[in-house]
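Subject: Structure for you to look at

Hello,

Here is the structure I said I would pass on. Please look through it first; my notes follow below.

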Amino acid sequence: MELIKQNTQNQLVKSLLIIFIGSIILTISAKIKIPFYPVPMTMQTFIVLFLGISFGYKIALATVSLYLLEGILGLPVFSNSPERGIGLAYFTGPTMGYLIGFLSACFLASFIKNDDNYFLIFFKLIFSVSTIYILGILWLGTLIGWDKPILKLGVLPFLVAEIFKICLLTLIAKKIIKFRKFI
């Protein structure tokens with residue numbers, strides 16, 4: 001019985017450590033950016049999908065939730081913070097829909113299996129990342145007005161880089177799924 005209790009505690013500590021380190025990596029990926037207006041291009045989508053594939057939906061959702069909570073509480077974890085504000089004021093700005101989309105993307109990416117073929121992995125990643133952009137443009141249109149060129153501002157500049165990230169993840173997905181065994 002003591003062995004089971006110790007094993008459970010070790011599992012919890014390991015999971016919490018991964019969640020904390022994942023939120024740090026997500027913060028670093030937010031700072032690696034190409035400035036666009038109103039939404040910057042970052043490496044966050046790559047990391048969000050990576051978390052889902054690597055650690056499954058529970059760890060990935062907890063990691064992204066921690067990251068979002070850190071930002072809402074005022075830590076400068078978001079891409080343009082602290083330059084363009086911090087906390088809830090920044091969170092509810094133009095990028096809020098994309099940030100919330102991180103939750104659905106990591107969840108959906110976690111359904112990639114080792115026995116999926118590359119075409120299926122690619123399709124699942126496209127579907128996962130699409131939720132980020134759908135929620136992003138829905139919020140962006142609501143915030144800045146639907147009369148603005150929402151797709152031109154919030155989707156089109158990112159497509160080439162996104163396809164590259166998804167192709168890279170597709171190629172390495174079977175290798176990174178093996179991380180799940182360590183959790």
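A search of the whole structure, which is a predicted model, finds zero disulfides. Two cysteines are worth a look in this context. Cys106 is buried, with a relative accessible area of 0%. Cys167, on the other hand, has a relative accessibility of 33% and counts as partly exposed.

The rest of my notes concern helix H2, which runs over residues 44-72, and three helices that it packs against. Two packed helices are described by the angle between their axes and the distance between the axes, so I give both for each pair.

H2 and H4

Helix H4 covers residues 96-109. The axes of H2 and H4 come within 7 Å and cross at roughly 125°. With angles over 115 and up to 145 degrees falling outside the parallel, antiparallel and perpendicular classes, H2 and H4 are therefore oblique to each other. The crossing of H2 past H4 is left-handed. Sorted by class, the residues of this contact comprise 16 nonpolar and four polar, with no charged residue.

One residue to look at here is Val64, which is found in H2. Is Val64 buried or exposed? Its relative accessibility is 0%, so Val64 counts as buried. Neighbours within four places in sequence aside, Val64 is in contact with Leu26, Val48, Phe102, Leu103 and Cys106. Cys106 is thus the buried cysteine from the start of these notes. For a sense of scale, Val64 and Phe46 lie 18 residues apart in sequence, and their C-alpha atoms are 13 Å apart in space.

H2 and H5

Helix H5 spans residues 118-144. H2 and H5 pack with their axes 11 Å apart, at an angle of about 125°. H2 and H5 are therefore oblique to each other. H2 passes H5 in a right-handed crossing, whereas its crossing with H4 is left-handed. On the H2 side the residues are Thr45, Leu49 and Ile53, and they meet Leu125, Ser128, Val129 and Ile132 in H5. The residues of this contact divide into five nonpolar and two polar, and none is charged.

H2 and H7

Helix H7 is made of residues 159-176. Its axis is 10 Å from that of H2, and the two helices pack at an angle of about 20°. That angle is under 35 degrees, and H2 and H7 are therefore roughly parallel to each other. The crossing of H2 and H7 is right-handed. From H2, the contact takes in Thr45, Phe46, Leu49, Phe50, Ile53 and Ser54. From H7, the contact takes in Glu162, Lys165, Ile166, Leu168, Leu169, Ile172, Ala173 and Ile176. By class, these are ten nonpolar, two polar and two charged residues.

Ala173 is found in H7. At 0% relative accessibility, Ala173 counts as buried. Which residues does Ala173 contact, leaving aside its neighbours within four places in sequence? They are Ile53 and Ile121. Ala173 and Asn114 are 59 residues apart along the chain, and 7.8 Å separates their C-alpha atoms.

Regards

Note on methods
Residues are numbered from 1 along each chain as its sequence is written. This is a predicted model: local features need pLDDT of at least 70, side-chain atom pairs count only at pLDDT 80 or more; totals for chains, interfaces and linings use all residues. Side-chain values use heavy atoms; hydrogens and water are left out. Axes are lines fitted to C-alpha atoms, for helices over the stretch in contact, and angles run from 0 to 180 degrees between N-to-C directions. Helices (H or I, at least four residues) and strands (E, at least two) are DSSP runs, numbered from the N terminus. Angles under 35 degrees count as roughly parallel, over 145 as roughly antiparallel, 65 to 115 as roughly perpendicular and the rest as oblique. A crossing is left-handed if the near helix is turned anticlockwise from the far one by less than a right angle, and right-handed if clockwise. Ala, Val, Leu, Ile, Met, Phe, Trp, Tyr, Cys and Pro count as nonpolar, Asp, Glu, Lys and Arg as charged, and the others, Gly among them, as polar. A disulfide is a pair of cysteine sulfur atoms within 2.5 Å. Buried means under 20% relative accessible area, exposed over 50%, partly exposed in between (1.4 Å probe, protein chains only). Contact means heavy atoms within 4.5 Å.
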